[in-house]
Amino acid sequence: MAAITIMTTIMAMTRKASGRQPRRSHLSPVGRGRPRKARTGKGVQHQMKGSVPSPPDPFPDAEKERVSLRSTGEDRLDTAALYRLMAWLSPAYPVGAFSYSGGIEWAVEAGDIKDAETLRAWLAVMLGEGGGFADAVFFVHAHRAAAANDEAALRAVAELAAAFVPSKERFLETTAQGRAFLETTRAAWPCPALKRFDLLWNGPVALPVAVGVACAGHAIACAPALHAFLHALAANWISAGVRLIPLGQTDGQRLLAALGPAVAAAAARALTTPLDEVGTGAFRADLATMHHETQYTRLFRS
């Protein structure tokens with residue numbers, strides 16, 4: 001013990017004589033955990049220039065779109081509205097969406113879709129130029145007509161949406177889901193708008209019209225409801241592709257993330273497209289729904 005004390009005293013005297021101070025950590029004793037200030041200079045600037053660049057913004061026009069929507073009041077969404085949207089557009093909502101592929105099953109068999117990238121390209125066209133975009137336009141006009149209690153406009157949207165589908169199976173897909181959506185929502189979340197729509201229209205109801213009317217009846221803003229509707233549509237298509245190609249579940253989520261810009265662009269266009277200008281340009285996708293009617297082996301109804 002005496003030896004240790006003597007040795008410590010000698011080391012302290014030597015350090016004092018040499019004028020050297022014990023090395024201190026860059027963390028001050030008062031502010032433990034406080035990071036050292038970043039150094040500046042040419043060397044550091046050079047390192048920063050060579051660092052990995054941040055990824056590009058996948059939604060370059062998203063802020064412009066949000067500003068535009070704020071000016072029209074179409075982007076407000078409270079927690080009650082969010083709760084309803086999450087329920088209505090969940091895969092668990094009993095409309096039978098899991099049994100339809102929108103022609104993807106035939107496209108896989110024909111070789112048009114064979115992996116994740118070809119599925120992404122196919123779905124991007126369906127969202128931007130095909131049935132997905134047309135459904136988005138019908139959703140917007142049904143929502144606005146129901147919110148304004150414009151019976152003539154709502155009747156026109158319902159009639160056009162039911163007549164616009166390109167094949168027998170696509171007609172079954174959208175009207176069977178539309179009717180199931182109305183029946184379930186009327187039972188669980190009734191509202192005057194749904195009652196008025198039942199009295200107004202007794203013909204076949206396309207799914208985007210049914211969802212648009214329900215959202216308007218529950219005062220759910222059009223723009224976020226439309227984004228949620230298109231997200232659910234894309235997710236259902238991807239689910240069909242995952243089972244048919246097949247793909248892994250993680251690949252399916254990568255596809256859903258990659259289609260985010262396509263969904264945003266389709267929604268933005270639909271919000272400004274007049275009803276008499278709706279149209280599609282995905283001819284191969286329309287043919288797929290027709291060929292599927294006579295496909296020998298099928299898992300899906302469309």
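1. Start with Leu230. Leaving aside residues up to four places away in sequence, Leu230 touches Leu127, Gly132, Ala136, Val263, Ala266 and Ala267. Keep in mind that this is a predicted model. Leu230 also turns up, with Phe197 and Val209, among the residues that touch the most other members of the largest nonpolar core, a set of 80 residues. The biggest contribution to this core comes from helix H12 (residues 222–244), which supplies 14 residues.

2. Next, the overall picture. The protein chain is built with 15 helices and 0 strands. Its length is 302 residues, and 41% of them count as buried. Take the contacts with a separation of 6 or more: 80% of those in the protein chain are between residues 24 or more positions apart. As for the outside, the accessible surface is about 17500 Å², and carbon and sulfur atoms account for 59% of that.

3. Helix H11 (residues 207–217) deserves a look. Of its 11 residues, 10 are buried, so to speak of it as mostly covered is fair by the under 20% cut-off. The buried set in H11 runs Leu207, Pro208, Val209, Ala210, Val211, Gly212, Val213, Ala214, Cys215 and Ala216. And which helices do the buried residues of H11 pack against? They pack against H4, H7, H8, H9, H10 and H12. After H11 comes Ala219, with a positive phi near 55°.

4. Helix H7 (residues 131–147) is also mostly covered, with 14 of its 17 residues buried. From first C-alpha to last, H7 reaches 24 Å, close to the 24 Å expected at 1.5 Å a residue. H7 is followed by Asn149, and the phi of Asn149 is positive, near 55°.

5. On to the aromatics, where the count comes to 6 pairs. One of them is Trp88 with Trp189: the ring centres are 6.0 Å apart and the planes stand at 80°, so this is an edge-to-face pair. Why does the pair tie together parts 101 residues apart in sequence? Because Trp88 belongs to helix H4 (residues 79–88), while Trp189 sits in the loop between helix H9 (168–188) and helix H10 (192–200). Trp88 has 3% relative accessibility, so it counts as buried. Ring pairs also join Trp88 and Trp189 with Tyr93 and Phe181 in a cluster.

6. Phe138 and Phe164 make another edge-to-face pair, at 5.5 Å centre to centre with 75° between the planes. Phe138 is in helix H7 and Phe164 is in the loop between helix H8 (151–163) and H9, so here the pair ties together parts 26 residues apart in sequence. Are these two rings' residues buried or exposed? Phe138, at 1% relative accessibility, counts as buried. Phe164 has a relative accessible area of 27%, so it is partly exposed, given that buried means under 20% and exposed over 50%.

7. One for the cation-over-ring enthusiasts: Arg269 lies over the face of Phe133, at 3.9 Å from the ring centre.

8. If you open the model with just a few things in mind, I'd pick three. Look at Leu230 with its neighbours, including Ala136 and Val263. Then look at H11, where the buried residues pack against helices including H7 and H12. Finish with the cluster that ring pairs make of Trp88, Tyr93, Phe181 and Trp189.

Notes:
Residues are numbered from 1 along each chain as its sequence is written. This is a predicted model: local features need pLDDT of at least 70, side-chain atom pairs count only at pLDDT 80 or more; totals for chains, interfaces and linings use all residues. Side-chain values use heavy atoms; hydrogens and water are left out. Helices (H or I, at least four residues) and strands (E, at least two) are DSSP runs, numbered from the N terminus. Buried means under 20% relative accessible area, exposed over 50%, partly exposed in between (1.4 Å probe, protein chains only). Contact means heavy atoms within 4.5 Å. Accessible areas come from the Shrake-Rupley method with a 1.4 Å probe; for residues, only the protein chains shown count as cover. The expected span of a helix is 1.5 Å times one less than its number of residues. Rings of Phe, Tyr and Trp (its six-membered ring) pair if their centres lie within 6.5 Å; planes under 30 degrees apart count as stacked, over 60 as edge-to-face and the rest as tilted. A charge sits over a ring if NZ of Lys or CZ of Arg is within 6 Å of the ring centre and within 35 degrees of the ring normal. A nonpolar core is a set of buried Ala, Val, Leu, Ile, Met, Phe, Trp, Tyr and Cys residues joined through side-chain atoms within 4.5 Å.
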